[in-house]
Amino acid sequence: MSKLVILNLGKGNLHSGFSFVSVQLFYEKSVEERLEEGNSQWNQLQGNLPASPTLVDLYRRWQLLYELIYESRYINLGLRQSQPSDEDIKIHDADVTHFSDVDFYEVCHELQKQIDIWLDAEEFRHIERQLRMQLSSDDEIRFIIQTEDILLRKLPWHLWCFFNDYPKAEVGLSSIEFETITQVKKYTPQVKILAILGESKEINIDADRKILESLPSAKTVFLVEPKHSELDTILWDNQGWNILYFAGHSYSNYEINNGYIYINKNEHLNINYLTNSLRKALINGLEIAIFNSCDGLALAQKLENLHIPQIIIMRERVPDKVAQEFLKHFLTNFAEGQSFYLSVRHAREKLQGLESEFPAASWLPVICQNPAVISPTWEKLRGKTQEIKKYISHSSQQIKLSYKIILFFSLVVTIVVTLIRYFGLLKYGEIKVLDYLMQMRSLESEDSRLLIVGADEKDIRTYGYPLPDAVITQLLDKLQQYQPAAIGLNIVRDSPVPINDTVNHRALISHLQKNHNIIAVCAFNNSPEQSISPPSQSPEIQVGFVDLYDDKEQTNNQDTTVRRYLLSRSENPISEASPCTAKYSFGWQLAYQYLNAKKIPVTIFKDDWKFGTSIIKRLEKSSGGYQNLDARGNQLLINYRHTLDPIHIAQQVTLRDILNADSDRFNPAWVKNRIILVGVVAPSVKDPHQTPYGEMRSLYIHAHVVSQLLSTVEDHRPLLWWLPKWSETLWIFCWSLTGSIVVWRVKISLHRSLALSICSAILYGICWSIFSLGGWIPLIPGIIALVAPWGVIWVCNAVYSRLYR
């Protein structure tokens with residue numbers, strides 16, 4: 001985007017300070033819009049600047065050293081000046097040996113440092129801060145400084161650190177008073193250049209001529225050492241000129257504030273003598289004046305009084321080689337389509353490559369600008385058809401944001417993100433975020449209502465595997481003595497073990513039938529062929545299915561983590577009969593037994609289970625990060641207990657600890673009124689399942705679910721919950737709107753990135769805080785919605801710019 005910044009320093013100076021300083025920020029407009037409405041002012045800032053006598057003294061020293069350097073090198077390099085411009089500076093032969101280039105560069109560095117210090121004054125700092133908030137590093141910026149003070153005009157403003165952050169910004173000078181001009185546009189297929197080649201003593205003006213002759217789509221008329229009358233006549237010519245170029249010798253007299261150019265060997269012309277002819281040339285379309293000669297600031301001030309749109313001069317004495325290189329780079333950039341200001345900046349910066357031979361060469365070129373006029377392009381000077389009607393500036397090639405546009409972009413982003421989410425493209429990322437948030441929670445203690453009896457490797461070596469019916473019966477007899485609330489036998493026993501030991505198997509079945517707090521298991525494994533039957537003749541109300549479901553199908557085989565748990569199921573009447581007919585899960589059965597013993601009711605509320613006063617909300621087709629979920633049955637989103645070691649969700653003992661009466665590793669008090677989960681934990685018996693906490697055996701997953709249900713009822717530990725669909729959409733819209741507002745109001749890319757990063761951190765903090773209360777809020781869709789407006793607006797600007805190029 002193209003912007004115009006005008007820094008008005010008023011009548012102040014570096015000796016007395018600046019009691020009133022104003023900065024105006026404008027969008028650049030097309031010619032037609034500017035004539036109809038004037039500049040579109042975006043913001044105006046006010047402040048002041050302190051005096052800086054140090055800067056005055058430092059500049060005087062810099063100028064003296066600069067003059068000494070070039071006086072000492074005059075014979076070798078050639079200067080485009082015939083006499084000193086500042087009569088206050090007296091140079092003696094003896095002085096030439098009293099300095100070195102190192103001294104000069106130290107003064108250059110100190111001058112730059114003092115400029116930054118001065119402009120970082122507290123009285124002015126808020127202005128710079130506001131400017132940086134409104135400007136982007138991608139903007140093309142015409143930064144115009146309004147002042148009549150000649151010393152302020154001589155300062156190297158481009159050294160201000162502000163310009164380092166804006167690579168497409170260039171500084172220009174302007175009078176405090178200016179006005180719009182009316183020109184007669186005479187468009188031709190070529191840019192019309194009037195080149196005045198003045199006195200060329202000790203300089204090579206032919207090099208300038210060759211550069212001008214090589215320009216594409218340009219018609220250049222050369223006046224070589226013309227007389228005053230000849231120059232005056234051609235400026236009056238009604239054909240008009242787009243560019244006026246002068247090469248030769250010149251100087252400024254600041255005592256009378258006037259400039260002189262040597263048009264031939266005998267005439268050095270006061271610029272006032274060309275006032276009428278230049279005014280006529282201006283009416284006929286003159287837009288750019290270039291004085292590629294020494295010390296042109298006084299020249300520029302006189303030309304500004306005529307309101308010439310753009311003037312380029314050299315602020316000090318300029319070596320011939322520097323003048324030629326600047327002209328070559330500037331005209332090449334400008335003719336290739338770069339903007340006027342950007343062409344000057346790039347050409348000026350390239351002069352730094354000459355500074356080992358010509359110190360401070362890149363400090364010399366400066367623009368003097370009429371702020372009422374927009375800078376032309378080479379194509380506009382050529383008079384292309386589309387430019388005749390309207391000059392489309394860089395800013396007009398971008399969508400101008402308003403609250404309506406911002407609202408529209410926010411809605412578009414919300415719709416797109418919601419659709420992407422609906423089709424499951426964010427599902428994998430969202431459930432991984434769920435895992436991460438779960439792992440980041442604070443630690444919880446082990447659940448004292450559970451006891452896990454696990455057969456480890458030593459138990460298997462001792463009792464055999466599969467565990468014999470006799471061993472299991474003995475274990476159950478022992479546990480029942482200590483009055484457990486429920487025993488969950490997570491061991492498949494659909495046939496006798498050993499296979500011919502029917503006596504002990506019948507004893508085990510009899511034990512199950514007599515003790516109603518024992519829960520056996522079966523599995524339907526999604527097909528009758530793979531189903532596992534419960535123990536024969538065991539009561540159905542004492543059987544729970546142990547099937548676990550991972551997210552493999554939900555993530556297209558990307559993830560096998562167990563996050564959901566089927567509490568109960570409804571039998572499918574059209575499915576094949578399965579030997580596992582249990583309607584309730586292993587975990588549900590154990591929780592029911594425990595709560596029933598405590599007279600806590602378990603009922604159905606609408607389609608959800610109600611344990612005591614707690615409603616266990618079932619997963620639906622769209623639940624949190626799950627989209628298009630197979631939500632058949634009553635599924636629970638597992639809220640794993642975050643213990644120091646997730647498999648140590650409760651106290652654990654081995655079979656031998658219980659079966660050996662003299663074991664000091666078992667206390668009967670650990671059993672009373674607890675839920676006992678019995679299973680195999682030996683690593684040689686494979687039973688791996690992925691969870692948010694890593695690999696875990698099914699026995700432990702069932703224990704986590706039982707603990708979750710009991711903790712919800714008795715400890716009021718929150719279940720995992722999610723927002724309804726409309727709330728999630730509103731949430732996404734809010735963050736999309738936030739991102740759009742940041743893009744709208746923060747113009748600098750670095751600041752914009754920082755602002756979006758801060759907003760992302762706030763978004764994460766909110767999601768984390770809500771998750772600590774059990775809420776699963778869309779984090780990834782929120783971040784996408786926050787950042788997407790920047791990309792959407794960038795793409796729209798690119799398309800819009802291409803359409804109107």
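**View 1. Strand E10 (residues 258-262) in its surroundings.** Five of the five residues of E10 are buried, so the strand is largely enclosed by the rest of the structure. Here a strand is a DSSP run (E, at least two residues), and strands are numbered from the N terminus; buried means under 20% relative accessible area (1.4 Å probe, protein chains only). The model is predicted: local features need pLDDT of at least 70, side-chain atom pairs count only at pLDDT 80 or more, and totals for chains, interfaces and linings use all residues. Residues are numbered from 1 along each chain as its sequence is written, and side-chain values use heavy atoms, with hydrogens and water left out.

**View 2. The two faces of E10.** In a regular strand the side chains alternate between the two faces of the sheet. Asn258, Tyr260 and Tyr262 point one way from E10, while Gly259 and Ile261 point the other way.

**View 3. The partners of E10, strands E9 (residues 250-253) and E11 (residues 268-270).** Two strands pair if DSSP finds at least two bridges between them. E9 and E10 run antiparallel and are joined by four bridges, with Tyr260 as the bridge partner of Tyr251. Four residues lie between these strands in their hairpin, where Asn257 takes a positive phi near 55°. Three bridges join E10 to E11, again antiparallel, and Ile261 has Leu269 as its bridge partner.

**View 4. Helix H20 (residues 586-597).** A helix is a DSSP run of H or I with at least four residues. Nine of the 12 residues of H20 are buried, among them Phe586, Trp588 and Tyr594. Just after H20, Lys599 takes a positive phi of about 60°.

How values were computed: The expected span of a helix is 1.5 Å times one less than its number of residues. Buried means under 20% relative accessible area, exposed over 50%, partly exposed in between (1.4 Å probe, protein chains only).
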